[in-house]
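Student: Please take a close look at a single part of this structure and then connect it to the rest. I should like each technical term explained when it is used.

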Amino acid sequence: TARSAGFGVNLSLLPNHGILVLFILMLIGASPASTGSGIKTTTFYVLYKSLFSFARGKETVVSKRKISDETKYKAFILLIFMVFMIFISTVYMLIVENISIDIALHEVIAAISNAGLNSGFSSSYNIFSKLMVIILMFVGRVGILTILASFNANWHKPQKSNISYIQEKIIIG
């Protein structure tokens, strides 16, 4: 049910680790070309393979094919933007509505992943919280990369600059 089945779940019946697994499954979502949302199973797989390849100091290779840097960048941007939207929306829900953090997270993750799971409290939300949930559903369904690409008409072709900058190595971590 966490991957777009649309059944209702009473969170009070689930143990904490069950709720966490439910949230992760909703965040991952469905596979590409399906009507489900989330970051998609292939994006999750690219993230997984990229992290372990980086940890071993090797290229990201799947079935004897190299995963491009552009694909990895898109996957990480998608995940970071998704987590950022979940964080901001959850904080908003906690400030405006009188609900617990698990209910707020459930509502926000279910909305952005279009999982169809409802905690049962959404009918009592104020109009701005309902609008936020609607916007999250829209962004989740259309896709975060599509929304981001709408701000850049030439997203599919990198812009060449006449200026060449010196590459800087910044210490990370």
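Tutor: Thr60 counts as buried because its relative accessibility is 3%; buried means under 20% relative accessible area, exposed means over 50%, and partly exposed lies in between, with a 1.4 Å probe and protein chains only. This is a predicted model, in which local features need pLDDT of at least 70 and side-chain atom pairs count only at pLDDT 80 or more, while totals for chains, interfaces and linings use all residues. Residues are numbered from 1 along each chain as its sequence is written, and side-chain values use heavy atoms, with hydrogens and water left out.

The loop between α2 and β1 holds Thr60. Such names refer to DSSP runs numbered from the N terminus: helices are H or I with at least four residues, and strands are E with at least two. Leaving out residues up to four places away in sequence, Thr60 touches Lys49, Ser50, Ser53, Arg65, Lys66, Ile67 and Lys72; a contact means heavy atoms within 4.5 Å. Val46 is 14 residues from Thr60 along the chain, and their C-alpha atoms are separated by 8.5 Å.

What follows Thr60 invites a look at Ser63, in the loop between β1 (61-62) and β2 (65-66). Ser63 is exposed, because its relative accessible area is 65%. Its phi is positive, about 50°, although Ser63 is not a glycine. Most residues other than glycine have a negative phi, and most peptide bonds are trans. Lys40 also has a positive phi, about 85°, and is not a glycine. The place of Lys40 is the loop between α1 (16-28) and α2 (41-56), where Lys40 counts as buried because its relative accessibility is 18%.

The loop between α1 and α2 also contains Ser37, which counts as buried at 1% relative accessibility. From Ser37 to Leu27, 10 residues apart along the chain, the C-alpha atoms are separated by 8.5 Å.

Helix α2 carries Tyr45, which is partly exposed because its relative accessible area is 38%. Together with Tyr48 and Phe52, Tyr45 forms one aromatic cluster. Rings of Phe, Tyr and Trp (its six-membered ring) pair if their centres lie within 6.5 Å; planes under 30 degrees apart count as stacked, over 60 as edge-to-face, and the rest as tilted. By this rule the count comes to two aromatic pairs. Tyr45 and Leu78 are 33 residues apart in sequence, and their C-alpha atoms are 13 Å apart in space.

Next comes the nonpolar core, a set of buried Ala, Val, Leu, Ile, Met, Phe, Trp, Tyr and Cys residues joined through side-chain atoms within 4.5 Å. The largest such core has 32 residues, and those with the most contacts inside it are Met26, Met93, Ile112, Leu136 and Ile144. Two or more residues of this core come from each of α1, α2, α3 (69-96), α4 (101-113) and α5 (127-142). With seven residues, α4 gives the most to this core.

Ser129 belongs to helix α5 and counts as buried, because its relative accessibility is 0%. Beyond its neighbours within four places in sequence, Ser129 is in contact with Tyr92, Met93, Val96 and Glu97. Met93 is thus named twice, as a partner of Ser129 and among the core residues with the most contacts. Glu97 also serves as a reference for Ile170: the two are 73 residues apart in sequence and 41 Å apart in space, C-alpha to C-alpha. Ile170 is in the segment after α6 (144-149) and counts as exposed, because its relative accessibility is 63%.

The whole protein gives these parts their setting. Its elements, six helices and two strands, run α-α-β-β-α-α-α-α from the N terminus on. The C-alpha atoms fill a box of roughly 55 × 35 × 35 Å, taken along the principal axes. Of the 173 residues, 33% count as buried. Among contacts with a separation of 6 or more, residues 24 or more positions apart account for 56%.
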